[in-house]
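Please prepare a short report on the empty spaces and selected residues of this protein. It should be suitable for a reader who is new to structural biology.

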Amino acid sequence: MPQNHRPQPSRRTVLGGAAVAALAVTAGAGTANAAGAGTANAAGAGTANAAAQKAAWPTEFPLPDGFLPEGITIGRRPYAYMGSRANGAILRTDLRTGEGEVLFAGGTGLVSVGLKLDDDGLLYVAGSTGVARIHDSRTGELVATHQLTEATGHFINDVVLLGDRAWFTDSRDAVLHGVPRGCRGTVRALPLTGDWVQTPNVNNANGIVGTPDGRGLIVVKSTPGELYNVSLRTGYASRITLVGAENVVNGDGLVRIGRTLYVVQNRLNIVTVFELDAKATTANLRRTITDPRFDVPTTAARYGDRLYLVNARFTSPQLPDTAFNGVAVPL
């Protein structure tokens with residue numbers, strides 16, 4: 001049951017001081033250009049300047065040493081939110097500068113993996129040990145906690161916002177959990193049936209997105225590497241036919257843009273890009289994205305024409321002084 005309910009916060013309207021200063025400089029440059037040229041030329045120059053400034057945004061940014069990142073989400077504004085497996089902390093990074101600040105310090109026994117930011121400013125966080133949390137993305141304040149399952153034997157891993165709920169995967173159980181958006185209402189458990197066969201002692205359901213028609217959910221099964229289309233009404237999971245790829249083993253975070261589906265295959269250091277048919281029953285492999293900076297990327301989020309990913313570095317020592325980062329690649 002949810003705890004610590006608070007009124008739903010309004011959308012974030014105030015940027016950080018450094019960001020405001022940067023915008024003021026940009027606005028001043030735009031005014032000067034407008035004064036010295038015709039309206040059409042000023043508009044064209046402003047567009048070109050904006051594009052150039054965006055292209056100059058960093059494509060790599062540091063995270064705190066020992067942060068143990070896994071999840072990332074980005075909303076309408078250029079801020080990435082990332083969670084820590086070490087203590088549940090939440091970090092917000094300005095994509096324009098690469099500078100980050102800790103919004104939520106975390107605590108003993110807390111975990112933050114998958115995250116999704118809602119338009120109203122609420123941040124939904126998969127908490128691994130049977131827990132889903134909701135935070136205010138402006139302040140980091142904990143708004144509500146939902147104990148979805150027992151603490152042991154479960155792994156609440158990733159989350160997507162669809163309709164009136166935030167849907168969470170449990171990598172160790174064939175159940176999706178629907179948490180009401182806005183903190184009010186009853187949590188819904190949706191058992192996976194149909195083609196779904198739960199494999200014991202490994203991670204199964206992982207990344208999750210909505211289908212293109214908004215009527216269902218697409219879930220990646222990390223082991224053995226399969227995609228499923230899940231009915232929101234019944235929980236029936238239909239395996240999606242892959243064309244051009246044998247599997248999506250180590251499939252982790254998912255990003256969908258229209259009918260294009262991006263699958264992060266973490267330990268393979270690749271993102272496979274598929275084109276879905278209208279009913280999301282078939283996925284055709286179109287291309288593969290890789291980058292020498294990939295170091296076991298886990299999840300991804302889109303902003304503009306870039307895909308931002310966090311490197312979990314699972315094959316490196318997970319120590320307090322281990323360095324971590326986020327990277328961006330073209331879509």
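The report below treats the overall make-up, the pockets and cavity, the aromatic rings, and two chosen residues.

**Overall make-up**

The structure is a predicted model. Its secondary structure consists of 2 helices and 26 strands. The protein has 331 residues, and 51% of them count as buried. Among contacts between residues at least 6 apart in sequence, 49% join residues at least 24 apart.

**Pockets and cavity**

Rolling a probe the size of a water molecule over the atoms shows where empty space is left. The table sets out the volumes and the classes of the lining residues.

| Space | Volume | Lining by class |
|---|---|---|
| Largest pocket | about 650 Å³ | 13 nonpolar, 3 polar, 7 charged residues |
| Second largest pocket | about 250 Å³ | 4 nonpolar, 8 polar, 4 charged residues |
| Largest cavity | about 50 Å³ | 4 nonpolar, 4 polar, 2 charged residues |

The largest pocket has a lining of 23 residues. Those nearest its centre are Thr 73, Ile 74, Lys 116, Val 160 and Arg 256. Two or more lining residues come from each of the strands β2 (69-74), β6 (115-117), β10 (156-162), β15 (205-210), β20 (251-257) and β24 (297-303).

For the second largest pocket, 16 residues form the lining. Glu 70, Phe 155, Asn 203, Asn 266 and Phe 314 lie nearest the centre of this pocket.

A search of the whole structure also finds 1 cavity of 30 Å³ or more. Which elements each supply at least two residues of the lining of the largest cavity? They are β2, β6, β20 and β24. The residues that line the cavity include Gly 71 and Ile 72, Leu 115 and Lys 116, Gly 253 and Leu 254, and Thr 299 and Ala 300. Gly 114 and Asp 158 are also part of this lining. Lys 116 thus has a place in the cavity lining, and Lys 116 is also one of the residues nearest the centre of the largest pocket.

**Aromatic rings**

A pair of aromatic rings is described by the distance of the centres and the angle of the planes. In the whole structure, 2 aromatic pairs are found. Charged side chains also lie over rings in this model: Arg 92 sits over the face of Tyr 79, at 5.5 Å from the ring centre. Likewise, Lys 221 sits over the face of Trp 196, at 5.2 Å from the ring centre.

**Two residues in their surroundings**

Val 220 belongs to strand β16, which covers residues 216-221. Is Val 220 buried or exposed? Val 220 counts as buried because its relative accessibility is 0%, and the cut-off for buried is under 20%. Leaving aside residues up to four places away in sequence, Val 220 touches ten residues' worth of neighbours listed here in full: Asn 204, Ala 205, Asn 206, Gly 207, Glu 226, Leu 227, Val 248, Gly 251, Asp 252 and Leu 254. Val 220 and Val 264 are 44 residues apart in sequence, and their C-alpha atoms are 9.9 Å apart in space.

Thr 93 is found in strand β4, residues 90-94. Thr 93 is likewise buried, because its relative accessible area is 0%. With residues up to four places away in sequence left out, Thr 93 touches Phe 61, Pro 78, Tyr 79, Ala 80, Met 82, Gly 98, Glu 99 and Gly 100. Tyr 79, which is touched by Thr 93, is also the residue whose ring face lies beneath Arg 92.

Conventions: Residues numbered from 1 in each chain as written. Predicted model: local features only at pLDDT ≥ 70, side-chain atom pairs only at ≥ 80, totals over all residues. Heavy atoms only, no water. 1 Å grid on protein atoms, 1.4 Å probe; cavity = no way out; pocket = protein on both sides within 12 Å on 5 of 7 lines; lining within 4 Å. Points joined across faces, edges and corners; volume = space filled by probe spheres on them. Helix = DSSP H or I, 4+ residues; strand = E, 2+ residues; numbered from the N terminus. Nonpolar A, V, L, I, M, F, W, Y, C, P; charged D, E, K, R; others polar. Phe/Tyr/Trp six-rings, centres within 6.5 Å; stacked < 30°, edge-to-face > 60°. Lys NZ or Arg CZ within 6 Å of the ring centre and 35° of its normal. Buried < 20%, exposed > 50% of the residue type's maximum accessible area, 1.4 Å probe, protein only. Contact = heavy atoms within 4.5 Å.
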